[in-house]
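Colleague: Could you walk me through this model? I would like to go over some of its local details with you.

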Amino acid sequence: MRILHFVTGGFSGATQVAVDLCMAAHNTPGMEVMLVLRRKRNTDVKRVQALRDQGLTVHVVSNWLHAMTVWELRKLIRAWKPDVVFAHGFSDHIWGRQAAVAEGVPRIFHVEHNAYERYTPRRLEQALALSPWTTAHIGVSEGVKTRLIELGFPAEKCMAISNGIDLRKFPETLLPADWSAREPAILMASRFARQKDHASLVQALHVLRGQGLTPRLYLAGGGSTRLRHKMESLVAKLGLKDQVIFLGNVPDLPQRLAAVQIFVLSTHWEGMPLALVEGMAAACACITSNVLGAREALLHGVDGLVVPHEDVFALAAALQSLLQNSAKAEQLGLTARAKALHIYGSERMWTQYQALLQAPT
């Protein structure tokens, strides 16, 4: 079976899921796989080459015009003749499915990675028009599946398969033997983008400072340079430059997560947030915003804390409760890790995708 995955080349969470699925198929007897990335301004040629070095067949197509993207993808499909195409994310799932339909691919899957995408009436019309040729519309969480149905995608074709992470990166030996060995600091691993709410977290840190609490905040991730500079300006304005460390992209995120006590995903919307699941797998005490996609990962008060969206004072109060009650923070972290290990592994995700591929047509 030949399987092609088409996704943004921006190395977002959607890209990582597509890569993980490609690697799983690559290591499965009887399957061949190709990864096609749509070029973005931040497409990292070194990361592309690293994937090729792992044995993946990777192609990068144009992002100059959508018609050009579709045409280049059609040429690859025509030459390689895949049995299955997975088109990931908005609006790549439109261009990917258009190319697959035009070339007569037998099975076509649309994978939606966020609960709230910027569908204009025209884009939604294009997406829905491809549904008759689409085998299934896959939401990466139950919340995303629900949103797809609300948008008008046929309910009988909508399903949920939760994203997963490579749990091998989070062995027991990664974790400090004692909670007190972890720095009482906060880490948020997320690219700088309109979707993410770094501002509320920085402002919550300012509230804590007024209460005499001055934990370090590590911000890991790349993304928009403009938005990062905007956040750096806010940090300076609030007098927090001695507390906030901008790490950029880091190659050792699991180690950094295991070295701190608290992980925060402050966000405006999500699909199935891999960064939050990684924080859980590292046994951090986790906090996230009460938005579709993110809130599904944590059961408030049991394996993490869920705070109202954009509520700076509620976020500050949640952080204060964890910083001042280490026993509570440790218990939340251990429960979160157990949940991540049980539910959110990439192997479990691949098992569900594999069952989908093996289902009778």
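Colleague: Where is S131 found, and is it buried or exposed?
Modeller: In this predicted model, S131 is found in the loop between α5 and β6 (136-139); helices (H or I, at least four residues) and strands (E, at least two) are DSSP runs, numbered from the N terminus. Buried means under 20% relative accessible area, exposed over 50%, and partly exposed in between (1.4 Å probe, protein chains only). With a relative accessible area of 6%, S131 is buried.

Colleague: Which residues does S131 touch?
Modeller: Contact here means heavy atoms within 4.5 Å. Leaving out residues up to four places away in sequence, S131 touches R97, H137, P154 and K157.

Colleague: Before we go on, what are the ground rules for numbering and for confidence?
Modeller: Residues are numbered from 1 along each chain as its sequence is written, and side-chain values use heavy atoms, with hydrogens and water left out. As this is a predicted model, totals for chains, interfaces and linings use all residues, whereas side-chain atom pairs count only at pLDDT 80 or more and local features need pLDDT of at least 70.

Colleague: How many salt bridges does the structure hold?
Modeller: Side chains of opposite charge can pair when their charged atoms come close. A salt bridge is a side-chain nitrogen of Lys or Arg within 4 Å of a carboxyl oxygen of Asp or Glu. Among the residues involved, R74, R78 and E103 are linked in a network of salt bridges. The structure's count of salt bridges is 14.

Colleague: What is the N to O distance between R122 and E125, and how far apart are they in helix α5?
Modeller: R122 is partly exposed at 48% relative accessibility, and E125 is partly exposed at 49%. Both sit in helix α5 (residues 121-129), three residues apart, so they are separated by about one helical turn. Their side chains meet in a salt bridge, N to O, at 3.7 Å.

Colleague: Which residue forms a salt bridge with D252?
Modeller: D252 is partly exposed, with a relative accessible area of 27%. Its partner is partly exposed too, at 30%. The closest N and O atoms are 2.9 Å apart, and the partner is R256.

Colleague: Which residue pairs with D166 in a salt bridge?
Modeller: The closest N and O atoms of this pair are 2.9 Å apart. The partner counts as exposed, at 68% relative accessibility. That partner of D166 is R168.

Colleague: At what angle do helices α7 and α8 pack?
Modeller: Axes are lines fitted to C-alpha atoms, for helices over the stretch in contact, and angles run from 0 to 180 degrees between N-to-C directions. The axes of α7 (residues 198-210) and α8 (residues 225-237) are 10 Å apart, and the angle is about 15°. That makes α7 roughly parallel to α8, a term for angles under 35 degrees.

Colleague: Which residues of α8 are met by α7?
Modeller: From α7, the residues taking part are H198, A199, V202 and Q203. On the α8 side they are M231, L234 and V235.

Colleague: Where does K81 lie, and what is its phi?
Modeller: Most residues other than glycine have a negative phi, and most peptide bonds are trans. K81 lies in the loop between α3 (66-80) and β4 and is exposed, with a relative accessible area of 59%. Although K81 is not a glycine, its phi is positive, about 55°.

Colleague: Which residue does a cis peptide bond join to F90?
Modeller: Omega for this bond is about -5°. The partner lies in the loop between β4 (84-88) and α4 (92-102). The residue joined to F90 is S91.

Definitions and conventions. Angles under 35 degrees count as roughly parallel, over 145 as roughly antiparallel, 65 to 115 as roughly perpendicular and the rest as oblique.
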